[in-house]
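Hi there,

Here is the structure I promised to pass on to you. Have a look at it first, and then read on for what I found in it.

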Amino acid sequence: MTFSDTSARDALRQMFDAAVTSADPVRVVSNHLPDPPKGRCIVIGAGKASAAMAAALDAAWSDVELSGLVVTRYGHAVPAGRIEIVEAAHPVPDAMSVEAATRILEKVRDLGPEDLVIALISGGGSALLVAPAGNMTLADKKEVNRMLLASGATISEMNAVRKQLSNIKGGRLAQAAYPARVVTLVISDVPGDNSSEIASGPTVSNETGVVEAREIVARYKLALPPEAIAVLDGGGSAAVSAPINAETRLIASPSTALHAAAQVAQAHGIRPLILGDALEGEAREVGTVFAGIALSARDKGLPVAGPAVLLSGGETSVSLPKGSTGRGGRNTEFLLSLAIGVSGANSIWAIAGDTDGVEDAAGAFVTPDTLTRLQQVCIAPRTALSQHEGIALVSR
């Protein structure tokens, strides 16, 4: 089977779209709802998909009395009936992130054992739901987030620190709702689908401690604001001492998305090879590894004979050196590294993107002539990679 540039791009885009559709809240939320409560039903949530999740819940439970408040990223609010939607900043929090956290904590207080809290949690919730611990200010939290995002730390490491500096993350929200039952519906965006890491686990008992948070700060040489250091030195904020009555239901995950993409590949006569859903590491290094695998598959039929597609998910990172003017972009940096690695080899195409589709430079294609087209517009690929300007790939 021979692919033209158009047909290869089309096949890859169909696979990507199928992966995104597999996590569509309208499709998945209604299948995971608990039984309606005898008492009150309060819906809360945070994340880039939380408004869509709330709309799906409101429609599915039209005959159940409920109310609630959910926070999502600016520009992603949708009507959700009886559930109020507010917007805040992502990936760096703002004043609305603090206001949303304060109001959500108020919503779940003074509930009884027959009441039900449904928490709708998806990626991005850490920035959208902010309750600074100790004497920390919003400015302190923003500075911590900025440092973490530029450090090259994994999402798990970032969240381990965030939880220790928060009065709502690491299970503190579920603690505030006790003795009410809390059922959390989660759309995972983290490698391994650990629910305590998604949005920093506001309704899930914390699995990491302050010692680990301190080690991460030291490992990445983060010069945290003084008030943040004081919280860590004082034992952190994420220890949940009171009981919680909570369960978590994973309703969509990277693994689900990869299998949906694989089905589309097979329909095109392409052999899918899923390499995993929990890949981490520096985006450029992962790109180099994938270039080697792609060349081996093309030239030697290993680890899979063509026509084939390599499928993977995870959360790579980009370390921005102090003073760097680069814009990063883990998907485009991964792809630029891959393009350099395959060096214009024919019959190799690639796509990478964020499945929520909202990040800056969320993704791009690589084709056999990508490097040539970059050079034609006076972009030196290796220079762009060294300066963390993978965004040069967009629309090229």
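Below I go from the overall picture to a few single places.

First, please keep in mind that this is a predicted model.

**The whole protein**

The protein is built from 15 helices and 10 strands. Its C-alpha trace spans about 65 × 50 × 35 Å along the principal axes. A compact globule of 396 residues would have a radius of gyration near 21 Å, and the protein has 22 Å, so the value agrees with that expectation.

Of the 396 residues, 52% count as buried. If you look at contacts with a separation of 6 or more, 77% of them are between residues 24 or more positions apart. The accessible surface comes to about 16,800 Å², and carbon and sulfur atoms hold 51% of that area. As for charge, there are 33 positive and 41 negative charges, and the mean positions of the two groups are 4 Å apart.

**Helix 7**

Helix 7 covers residues 155-164, and 9 of its 10 residues are buried. The buried ones are Ile155, Glu157, Met158, Asn159, Ala160, Val161, Arg162, Lys163 and Gln164. That list includes charged side chains: Glu157, Arg162 and Lys163 are among the buried residues.

What covers the buried residues of this helix? The cover includes helix 5 (125-128), helix 6 (138-151), helix 9 (210-219) and helix 10 (226-233). Strand 7 (271-282) and strand 8 (308-317) are also part of the cover.

**Backbone points to look at**

Most residues other than glycine have a negative phi, and most peptide bonds are trans. With that in mind, here are four places in this model that you may like to find.

- His90 and Pro91 are joined by a cis peptide bond with omega about 10°. Pro91 sits in the loop between strand 3 (83-88) and helix 4 (95-108).
- Leu302 and Pro303 are also linked by a cis peptide bond, here with omega near 5°. Pro303 belongs to the loop between helix 12 (283-300) and strand 8.
- Ala199 is not a glycine, yet its phi is positive, near 60°. You will find Ala199 in the loop between strand 5 (181-187) and helix 9.
- His388 likewise has a positive phi, of about 60°, without being a glycine. His388 is in the segment after helix 15 (381-386).

Are Ala199 and His388 buried or exposed? Ala199 has a relative accessibility of 7%, so it counts as buried. His388 has a relative accessible area of 7%, which is under the 20% cut-off, so this residue is buried.

**Ala77 and its neighbours**

The last place is Ala77, in the loop between strand 2 (67-73) and strand 3. Ala77 counts as partly exposed because its relative accessibility is 38%, in between the 20% and 50% cut-offs.

Which residues does Ala77 touch, leaving out those up to four places away in sequence? They are Ala51, Thr72, Ile85 and Glu87. For Ala51, the two residues are 26 apart in sequence, while their C-alpha atoms are 5.7 Å apart in space.

I hope this helps you find your way around. Do write back if you would like to go through any of these places together.

Best wishes

Key
Residues numbered from 1 in each chain as written. Predicted model: local features only at pLDDT ≥ 70, side-chain atom pairs only at ≥ 80, totals over all residues. Heavy atoms only, no water. Buried < 20%, exposed > 50% of the residue type's maximum accessible area, 1.4 Å probe, protein only. Helix = DSSP H or I, 4+ residues; strand = E, 2+ residues; numbered from the N terminus. Contact = heavy atoms within 4.5 Å. Rg over C-alpha atoms; globule rule 2.2 N^0.38 Å. Areas by Shrake-Rupley, 256 points an atom, 1.4 Å probe, with all protein chains shown as cover. Charge placed at Lys NZ, Arg CZ, Asp CG, Glu CD.
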